[in-house]
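Here are my notes for you to read beside the structure. Take the points in order and find each residue on the screen as you go.

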Amino acid sequence: MFKCLSQKPSVQFALFTMTLIAGEVMGFAVSFLADIWVVFTCVCGTVLFAIWGWGKFRLTYVALFLLGGVLAARTEAQLRGILDANAGMYGPRPVLHLPVEESASAPVRVKNGGWRTEFPSHVGVLPLKVVLPLGNQDVPVPKRGEVWDVVGQIAFQKDRMRRFERRTLWAMKQKGGVRVAVAKRGLSWPAIGDELARRAGAGLDWTLELAALNRAILLGRRTELSAERRQIFVDAGTIHLFAISGLHVMVVAWILRTLLQRLELAPGLQGLVCTPLIVAYVVLTGSRPSAVRAALMASIWLMGPVFGRQPDSLMAWSVTAFIVYVLSPELLFDLGCSLSFIVMFGIVLWCKWTRQFAPLFGLERIPKLRSFVGGLGVSLAAWIAGVPVAASAFGRFTPGGLLANAVVILCAEYMVKIGASALVVSFVCMPLAAVLN
């Protein structure tokens, strides 16, 4: 049975992807001189994958495993170079050329006088939270799309297993930061996103909290939500609702595909029309990594008919994971990335396994019931796949998250549909958009 399964192209490519990931884990472990059991586990896992689908692809497995090791070693060397340079091992601390990935927070007063602000950025493979001192409260804060030159000290990470997680860069007070590239004015993606955020709050002026909630669900703008409100969703295990990721991209893709199917467009044309619209939605919501991954997977799935292939969710998952981890091996240490891929893998396997049982229970004859049972099953699969990772990372196990996610996903589906409709209608009739909001 295993031999038969491994001959399917989607399963074969999934094995290729897992072999590459195992090679990267091995490379990070060896370069870091990790405990021997970690290395032993990686080797055993790779050998099992190789035996499962060995056959004529034996050299491919070996090459992918070695490629993963080389990519991991190179990424580790890049990280060490960044940290050593910032520590002054090669002379004075270098000036870091940092793009502003999100608009900076509102200025806050510090104890010893003055003001400071924060914004997220990256230097090479290392994500940073930049703490920037300001002369006074009236100094303009960094905005998304700008580039700043900053000299500062990167915080030391004691837990070496988290060495690729976001660190704090404390900018020097004497030099601070210098804006070297200003965000584009006029018609730009950030400007369009700000305009959509304004329209998402139409009709909700009487309650700023609901307006913030609508913007967070539709556009992923969580900064306006209160800390207490965010904590409620964290405790319930449903904070992913505000991350523009698989859920939002899936709903948007479903809306677009359903609309094009009713227009009776050919499957190939549906993919050609949906893909750029999905990409535009992701860019408008800030091009967050989770959304980019989800959009890439959705695009691969939708574009299958364009190349004469049936849409295959496992193949789309495998190709997406392969591309992501080849380009950015350090994302193996990113909890959000790992969790999204693991959860999506569980959903893909669930859908493939349960598809054959729908006719047995008569669900094909009752579309509404099939949709409800399918949504509950997807929630169950996502919860089962994600629980071990979430419990290990957060030290929290929430059985109620199963029911909460089923309800939240169902509500969020309708909220995204109606909210997206309100955004479209707002360009024609703002009062109607306000009613929909």
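1. Start with helix 2 (residues 9-31) and helix 11 (residues 313-327). In this predicted model, their axes come within 8 Å of each other and cross at roughly 25°. That angle is under the 35 degrees cut-off, so helix 2 counts as roughly parallel to helix 11. The crossing is left-handed. On the helix 2 side, the residues in contact include Ser-10, Phe-13, Ala-14 and Thr-17; on the helix 11 side, look for Leu-314, Trp-317, Ser-318 and Phe-322, among others. Sorted by class, this contact has 15 nonpolar, three polar and one charged residues.

2. Now pick out one residue of that contact, Ser-318, which sits in helix 11. Is Ser-318 buried or exposed? Its relative accessible area is 0%, so Ser-318 is buried. Leaving aside residues up to four places away in sequence, Ser-318 touches Ser-10, Phe-13, Ala-14 and Thr-17.

3. Helix 11 also packs against helix 10 (residues 289-302). Two packed helices are described by the angle between their axes and the distance between the axes. For helix 10 and helix 11, the angle is about 135° and the axes are 8 Å apart, so the two helices are oblique to each other. They cross in the right-handed sense. Helix 10 brings Arg-293, Leu-296, Met-297, Ile-300 and Trp-301 to the contact, while helix 11 contributes residues including Ala-316, Trp-317, Thr-320 and Ile-323. By class, the residues of this contact are nine nonpolar, two polar and one charged.

4. Go back to helix 2 and follow its packing with helix 4 (residues 58-86). Here the angle is about 40° and the axes are 7 Å apart. Helix 2 and helix 4 are therefore oblique to each other, and their crossing is right-handed. Among the residues that meet are Leu-15, Phe-16, Gly-23 and Gly-27 in helix 2 and Leu-64, Gly-68, Gly-69 and Ala-72 in helix 4. The class count is 12 nonpolar, nine polar and three charged residues.

5. Helix 4 leads us to the sheet. It lies across strand 3 (115-123), strand 4 (126-134), strand 6 and strand 7, and runs at about 135° to strand 6. In what order do the strands of this open sheet stand? Five strands form it in the order 2-3-4-7-6, and the pairing is mixed. Strand 2 (108-109) and strand 6 (152-154) are at the edges with a single partner strand each, so one side of each has no neighbour in the sheet.

6. Walk along the sheet from strand 2. Strands of a sheet pair through backbone hydrogen bonds, either parallel or antiparallel. Strand 2 and strand 3 are antiparallel, paired over two bridges, and Val-108 stands opposite Arg-116 in strand 3. These two strands form a hairpin with five residues between them, and Gly-113 in its turn has a positive phi of about 95°. Strand 3 is joined to strand 4 by nine bridges, again running antiparallel, with Pro-127 in strand 4 as the bridge partner of His-122. Strand 3 and strand 4 make a hairpin with two residues between them, where Gly-124 in the turn has a positive phi of about 65°.

7. Strand 3 is a nice place to see two faces. In a regular strand the side chains alternate between the two faces of the sheet. The covered face of strand 3 holds Trp-115, Thr-117, Phe-119, Ser-121 and Val-123; Arg-116, Glu-118, Pro-120 and His-122 are on the uncovered one.

8. At the other edge, strand 6 pairs with strand 7 (residues 167-171) in the antiparallel sense over three bridges. One of the matched pairs is Gly-152 with Ala-171 in strand 7. The loop between these strands contains Arg-162, which counts as partly exposed because its relative accessibility is 40%. Which distance separates Arg-162 and Phe-333 in space? They are 6.7 Å apart, C-alpha to C-alpha, although 171 residues apart in sequence.

9. Finally, zoom out. The protein chain has 15 helices and eight strands, and 39% of its 437 residues count as buried. Of the contacts between residues at least 6 apart in sequence, 65% join residues at least 24 apart.

Terms used. Residues are numbered from 1 along each chain as its sequence is written. This is a predicted model: local features need pLDDT of at least 70, side-chain atom pairs count only at pLDDT 80 or more; totals for chains, interfaces and linings use all residues. Side-chain values use heavy atoms; hydrogens and water are left out. Helices (H or I, at least four residues) and strands (E, at least two) are DSSP runs, numbered from the N terminus. Buried means under 20% relative accessible area, exposed over 50%, partly exposed in between (1.4 Å probe, protein chains only). Contact means heavy atoms within 4.5 Å. Axes are lines fitted to C-alpha atoms, for helices over the stretch in contact, and angles run from 0 to 180 degrees between N-to-C directions. Angles under 35 degrees count as roughly parallel, over 145 as roughly antiparallel, 65 to 115 as roughly perpendicular and the rest as oblique. A crossing is left-handed if the near helix is turned anticlockwise from the far one by less than a right angle, and right-handed if clockwise. Ala, Val, Leu, Ile, Met, Phe, Trp, Tyr, Cys and Pro count as nonpolar, Asp, Glu, Lys and Arg as charged, and the others, Gly among them, as polar. Two strands pair if DSSP finds at least two bridges between them.
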